[in-house]
Amino acid sequence: MTPIIQLVRRASALPVIVACIALFILMAMTFCDVILRSVFNAPIEAATELTRILMAILVFSVLPIVSTTNGHIAVDLTDGFFHRLHLSRARDVVIYVVSGIMLFWPVQRVWVLAERARDYGDVTEYLSIPTYLIGWFITLSVAITALVMIATGLLKAFAPNTLSEPM
Amino acid sequence: ADYTLTISSWAPPTHGINAKMWPKFVEMVEEATDGQVTAELKLGIAPPPAQMDLIMDGAADASIIFHGYQPGRFVTTKLIELPGYEGSAEDASVAYWRAYDQHLKAADEHRGVKVIALHTHGPAQLHSSAPVTTLDEVSGLKVRIPGGVGGDVGAALGATGIQVPAPKVYETLASKAADGVVMPLESRKGFKLTEVAQNVYEMPGGLYRGSFAFIMNEDTFADLPPELQTALEENVFGEPLSREIGKIWDEIDATGREATEAAEGNAINAATDADMEKFSAIAEDIRGKVIAEVDATGVDAQAAYDMIKSEMSSN
Amino acid sequence: MTAALIGFAIVLILVLVRLPIVFAMGLVGTLGFAYERGGSIFDERGLKAAMSMVGRQITDTAQDYGLSVVPLFILMGLFVNKGGMARELYAVSNAFLGHMRGGIAMATVAACGGFSAICGSSLATAATMSKVAMPQMRRYGYSDELSTASIAAGGTLGILIPPSVILVIYGLLTETSIGKLFMAGIIPGILGILFYLFAVRWTVWRNPEAGPAGERATWSERIRALGSVWAVLLLFFLVIGGLYGAFDFEPLNLTFSPTEAAGMGAAGAFLIALFRGGLTVGSTFEVLKETCFTASALFAVLIGAQIFSNFINLAGLPEALIAMVTAYDVAPFVVILMILGIYIILGCVFESLSMLLLTVPIFFPLVTSLGYDPIWFGIVVVVVTEISLITPPVGLNVFILKGVVGDVSTGTIFRGVTPFWVADIFRLALIVLVPIVVLYLPEQMGALGH
Ligand code: NA
Ligand code: NA
């Protein structure tokens with residue numbers, strides 16, 4: 001089990017790098033767009049659609065990692081209560097597994113919508129980038145999120161020690 | 001009422017689409033069905049390009065789509081957007097529906113939903129903060145213009161395109177991120193252009209016309225009893241609804257013109273004869289290109305174009 | 001309406017057992033939407049409709065152009081940190097205020113206000129300033145109550161003084177202009193600083209031991225300190241000036257949209273940090289990574305909120321509330337007071353974002369139907385949200401302080417925060433009674449382009 005987890009952890013560096021590059025490009029492009037527009041009267045026409053795509057990349061690349069490292073925004077008001085009853089772990093297991101399963105339906109739908117966009121030939125306005133590619137990417141990201149959340153929940157239940165080191 | 005349809009819509013609440021067109025739709029539907037069918041409006045459920053998916057899957061029963069928001073999906077709808085037609089939005093909408101019924105329908109671009117009306121806004125003109133009086137001055141301007149035919153016209157005139165959704169136009173012009181915007185005259189009031197783009201450069205027939213459809217969920221329609229279906233098909237859907245909605249576009253265009261004439265510092269500059277001639281050459285180029293594009297979808301584009309042209313001039 | 005209220009109750013329960021907000025709102029929103037469309041949460045067509053709406057929200061929200069300001073402003077705040085600008089802000093306010101009684105706490109509040117002008121988050125403002133200001137206040141024998149409270153309260157300004165992630169999200173949920181919301185936050189933010197300064201004075205007046213005077217800086221020291229904050233001033237001027245139209249003259253003719261302001265701010269902060277040697281490839285990567293993680297969680301929660309708010313919309317809750325207010329002929333001002341009361345109570349247990357996401361879809365249509373200005377209501381919501389950050393038992397800014405400082409109890413911090421909390425209530429009353437305080441600047445901005 002442990003080697004697989006280590007492998008997953010190493011592999012998770014790749015989407016992080018992808019997200020960071022997307023964000024850096026987004027920053028640099030916005031900067032250049034303003035300069036080009038104001039000084040040279042020549043804005044980047046495709047800036048809007050590229051911004052959209054870069055945002056989808058940066059948000060969804062890291063979603064699986066955020067989802068399995070307690071990164072989602074949650075209300076921790078009852079933490080002490082669960083802790084006192086020694087129910088924290090059981091609660092976390094349930095939350096991870098249930099959340100992961102819950103994503104099964106959206107994954108299917110995002111996929112259907114992407115395939116539909118492909119069938120209709122939807123593209124972006126200036127660069128004619130097919131929009132289903134973004135849909136596929138989001139489907140993949142949410143599907144991986146679902147799987148790793150379920151896996152995290154199960155590991156927390158049956159092999160909590162394998163998760164003890166920081167991700 | 002026995003059946004209440006849910007309408008999903010996206011323009012600002014006060015825009016003619018929500019303030020006049022949907023109420024007209026409800027009025028017509030109620031009248032045709034003796035009040036057995038009615039509808040209620042829900043705003044902001046999803047952004048404009050999502051509307052067709054929502055209707056297809058029944059997240060709402062009816063909606064309005066602007067074809068230019070989904071590049072790649074709609075090609076035949078570009079025919080009505082061509083510059084060079086002369087006539088009101090009402091005439092154009094009726095001609096559009098007839099051409100659709102006879103020719104364009106075959107391309108099946110709205111597959112998955114029921115098309116219940118097709119319409120266009122009035123002729124789109126250039127609105128800018130600095131006065132534009134000749135066609136040459138458009139070159140080098142940063143102009144917000146939707147894709148499709150509008151984009152082709154902008155490119156042919158040498159303008160740089162700026163991509164923003166219609167509700168953001170005011171901010172974009174106020175912040176000078178764009179020098180101008182190409183929209184119908186109604187937006188002078190609907191999007192408060194009288195404040196941020198005081199000048200209109202008016203080309204008869206417009207630089208293009210935007211193409212819209214009212215769409216409906218197929219199951220919702222199938223669930224209605226046959227006599228109500230017939231009543232709606234005969235008295236509301238298709239040409240009657242298209243005509244009424246076209247009429248409203250004309251109406252709100254007139255309001256926009258009045259608002260401009262009343263607003264201090266606003267001016268409408270008519271294109272000169274020389275510029276009209278110059279523009280008709282540009283329009284012809286674009287027409288040729290679009291007709292070829294529409295031909296590729298398998299419909300007889302030239303016949304459809306000729307039909308729209310003659311329907312509109314016969315009015 | 002009943003369905004919406006039941007849904008709302010279920011979300012509260014799920015959120016309280018620590019289900020992430022995106023899943024709580026997403027689940028209830030989806031099933032509620034299915035119920036509204038199909039008449040039952042098990043209806044096949046209703047579920048298909050709901051899933052389609054959910055699928056589109058997932059793909060569309062992450063690609064909403066207006067939301068690109070969120071990662072860019074977060075990025076700017078983190079680069080600013082690396083550039084050492086928090087320390088400089090503190091040094092300069094300390095040079096001017098430190099010699100007074102309670103002066104170092106006052107300097108802390110002022111520095112928090114300055115830092116808020118370049119950072120979009122209250123938690124980040126509190127976390128950053130606690131590292132900079134806490135050791136100083138300890139060195140001069142300031143009481144733990146006063147020192148932690150001045151940072152926890154000062155930090156709340158992060159979401160009111162622009163840029164502000166919360167205002168961006170309000171703008172998205174209600175389709176109001178983000179640029180105008182930012183302008184509207186400036187005067188209430190400055191009032192916040194002033195009221196907090198009074199709170200510090202009040203604390204040291206009650207207990208002079210809490211905040212002894214520090215050393216008086218000489219004028220040459222003060223001028224030197226002023227000279228070092230150029231980077232902060234430059235960034236602030238770039239972002240806020242650009243938004244307001246300060247560069248709107250020949251030949252520049254430059255006014256920023258919020259996205260452009262955020263991009264320029266982030267790039268500017270990056271260049272300054274780079275120029276000062278505060279960045280390595282590794283630390284740049286860390287900053288980018290942290291931004292992506294934060295943005296991803298924020299977008300997830302927004303998707304959940306949009307799904308839930310579509311259910312509320314379909315269920316007709318806002319219309320029902322409006323009908324109720326009309327039927328009972330309640331005075332609009334009474335409605336506002338009731339809403340504020342609800343916010344203060346919710347603020348006890350909820351943190352800023354959850355509170356905003358849960359309540360705005362319900363209250364916004366009601367408040368605007370009563371004729372109140374959407375920009376004004378946005379600022380009111382942000383101010384009550386700020387208050388929630390320091391209201392016990394759950395006050396995130398207080399917890400941040402506890403986390404960074406360590407050896408203080410949250411009880412001590414909450415005790416110290418009390419005068420600041422009271423100052424906040426006074427500020428809220430002022431904003432509610434005198435709306436022009438909020439609306440003056442955005443109205444000036446409306447004149448742009450005339
Ligand atoms: Na801020
Ligand atoms: Na609280």
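**Entry 1: the C–A interface**

I started with the area buried between chain C and chain A, which comes to about 5000 Å² in this predicted model. Carbon and sulfur atoms give 80% of that area. I then asked which three residues of chain C supply the most, and found Arg18(C), Phe23(C) and Gln63(C), with 16% of the area that chain C buries against chain A. Counting contacts, I got 60 residues of chain C against 51 residues of chain A.

**Entry 2: polar links**

How many salt bridges are there between chain C and chain A? I found two. I looked up the one that joins Asp79(A) to Arg18(C) through their side chains, with N to O at 2.9 Å. Happily, Arg18(C) was already in my notes as one of the three top suppliers of buried area on chain C. For polar contacts between chain C and chain A, my list has six residue pairs, both residues at pLDDT 80 or more.

**Entry 3: what chain C brings**

Next I went through the elements on the side of chain C that touches chain A. Those giving two or more residues include α1 (2-16), α2 (21-38), α13 (258-275) and α17 (352-369) of chain C. α14(C) gives the most, with 14 residues. Sorting this side by class, I have 42 nonpolar, 11 polar and seven charged residues.

**Entry 4: the sodium ion**

Which atoms coordinate the sodium ion (ligand 1)? I noted the O atoms of Ser116(C), Cys119(C), Gly158(C), Ile161(C) and Pro163(C), at 2.2 to 2.4 Å. Along the chain, these donors follow the spacing S-x2-C-x38-G-x2-I-x1-P, handy for a pattern search. I also checked burial for two of the donors: Ile161(C) and Pro163(C) are both buried.

Conventions. Residues numbered from 1 in each chain as written. Chains lettered and ligands numbered in written order. Predicted model: local features only at pLDDT ≥ 70, side-chain atom pairs only at ≥ 80, totals over all residues. Heavy atoms only, no water. Contact = heavy atoms within 4.5 Å. Buried area = accessible area lost by both parts, 1.4 Å probe. Salt bridge = Lys/Arg side-chain N within 4 Å of Asp/Glu carboxyl O. Polar contact = N/O pair within 3.5 Å; in protein donor to acceptor, adjacent residues only side chain to side chain. Helix = DSSP H or I, 4+ residues; strand = E, 2+ residues; numbered from the N terminus. Nonpolar A, V, L, I, M, F, W, Y, C, P; charged D, E, K, R; others polar. Donors = N, O, S within 2.8 Å, 3.2 Å for Na, K, Ca; no water. Buried < 20%, exposed > 50% of the residue type's maximum accessible area, 1.4 Å probe, protein only.
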